[in-house]
Amino acid sequence: MNLSLIAAWMIAAATAIGIWRTARMSASRRSLRVALQLAAGVSIYLALFPPRVDERFAEGTLVVLTPGASREQIAKPPSGIATIALPGVAAASDVERAPDLGTALRRHPQATRLRIVGGGVPMRDLDAARSLPVAFDAAPLPAGLVELGAPSSVRAGSVFAVRGRAHGIDGGRVELRDPSGATVARASLAEDGTFSLETAVRTEGAALFELRVLDHDNALVESLPQAVSVLPGDALRVLVLAGAPDPEIKYLRRWAADAGVDLASRIVLSDGIAMRDGSAALDADALARTDIAIVDERAWKALDAAARDRLRAAVRDGLGLFLRATGALPDDVAADWRALGFRIRAADVPSTFALETPGGEPDSKTMLSRRALLVESDDAAPLLRGSDGTTAALWRDEGLGRVAIWWVADTYRIALGGDAAAFGTLWSRALA
């Protein structure tokens, strides 16, 4: 029940009570008093809720049918002094036509306002439309993309985002394909149709991506080319130090190779034996040339004090330090990471979580595991959230650099499930 109806009932009740009391009185002129009470009730209601005046019936309105007007809008246009159809409108033969809005206004100099019906006036008519007050009856939005935003240029080695909104596609999704036709990012549409896709580019030059909109049955609704100019840039330089091989590192290294990331790694296989890929030196010069160092607790514990000091100094000078908690932390490692801004302790927390999605609903395809840890910080921001609002990774500033801690166990399951694009998008966003 809306406010105006509630007010009408209250005013009617008060008026009825007043009339009933007047009828019981023996005073003269009861009829006049009843009439005045009725008039007062009506006046109060009209003062609170004045009737709307539809400007479509206002004198001097010129109705202009523009390209994009629906059949219903063309068949029953609003009332006005005249109805004009611009080029591109499939109006009936008895509807007056004009080559442009300026010509229509010269034909009808008595017009004092415009009512634009359909998709809006073309660019050539914007100046003419500005000369009078304008009301707009928009055509119904088509099923498909209605908003889109993407950069026209991006640096090689960086991540760019494509954001937009689709209309009339409940339960649909969008995907972004690179010039080779491979799907590099995908996302479900939110309840309001919005979406955001992110992917990395590595090769400079002109790149033609394809944005595809699919319905809930995976049928193609719309396909739109998205041209991006990739400017020269440096590849992201990443150093991985792992205390043991695991699936997470395996798939991370595979994604880095495909994404053009300059990755060097040192993975311990057993005491005194390590697998090296590229230069994994930890001297000051090598760290100065590195963008991000990814280190787990076992690799951190194996570092000598001098190497840890060099890492901390490099962070203060601009290095990104990405800490992976893959299990219980030794006391000395927990103390070192506490000095980097993160208080970590074992905790009884839910072991699984769903990644946050644009629609806010859990996605069973992105159910992941996390370590049984509670991580606290006084000045950190979330790096990865679950759909329940909990965090699974944090980051904070440290000098000129940044430090992140990540206690997700198995993002590789996303790639194993056949969605390598989502896995790449997740790590692109995390490392960016």
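Biologist: Into which exposure class does Arg173 fall?

Modeller: The model is predicted: local features require pLDDT of at least 70 and side-chain atom pairs count only at pLDDT 80 or more, whereas totals for chains, interfaces and linings use all residues. Residues are numbered from 1 along each chain as its sequence is written, and side-chain values use heavy atoms, with hydrogens and water left out. A relative accessible area (1.4 Å probe, protein chains only) under 20% is buried, over 50% exposed, and in between partly exposed. Because the relative accessibility of Arg173 is 22%, Arg173 counts as partly exposed.

Biologist: Which side chain meets that of Arg173 in a salt bridge at 3.2 Å?

Modeller: A salt bridge places a side-chain nitrogen of Lys or Arg within 4 Å of a carboxyl oxygen of Asp or Glu. The partner of Arg173 counts as buried, at 4% relative accessibility. With an N to O distance of 3.2 Å, that partner is Glu175.

Biologist: How far apart in sequence are the parts tied together by Asp332 and Lys301?

Modeller: The side chains of Asp332 and Lys301 meet in a salt bridge at 3.2 Å, N to O. Asp332 belongs to helix α10 (residues 331-339) and Lys301 to helix α8 (residues 297-302), so the parts that this pair ties together are separated in sequence by 31 residues.

Biologist: Which residue forms a salt bridge with Arg413?

Modeller: Arg413 is partly exposed, its relative accessible area being 40%. Its partner counts as buried, at 7% relative accessibility. The closest N and O atoms are 3.4 Å apart, and the partner is Asp410.

Biologist: How far from Asp215 is the nearest side chain of opposite charge?

Modeller: Asp215 is placed in the loop between β12 (205-214) and β13 (220-231). Asp215 is buried and has no salt bridge. Lys and Arg are taken as positive, Asp and Glu as negative, with His and the chain ends not counted. The nearest side chain of opposite charge is that of Arg173, at 8.0 Å.

Biologist: Which backbone nitrogen does the side chain of Asp215 reach at 2.8 Å?

Modeller: At 2.9 Å, the side chain of Asp215 reaches the backbone nitrogen of Asp217. At 2.8 Å, the side chain of Asp215 reaches the backbone nitrogen of Ala219.

Biologist: Which strands are the edges of the eight-stranded open sheet?

Modeller: The open sheet has mixed pairing and the order β16-β15-β14-β17-β18-β25-β24-β23. Pairing of two strands requires at least two DSSP bridges. The edge strands, each paired on one side only, are β16 (273-277) and β23 (381-385).

Note on methods. Helix = DSSP H or I, 4+ residues; strand = E, 2+ residues; numbered from the N terminus. Polar contact = N/O pair within 3.5 Å; in protein donor to acceptor, adjacent residues only side chain to side chain.
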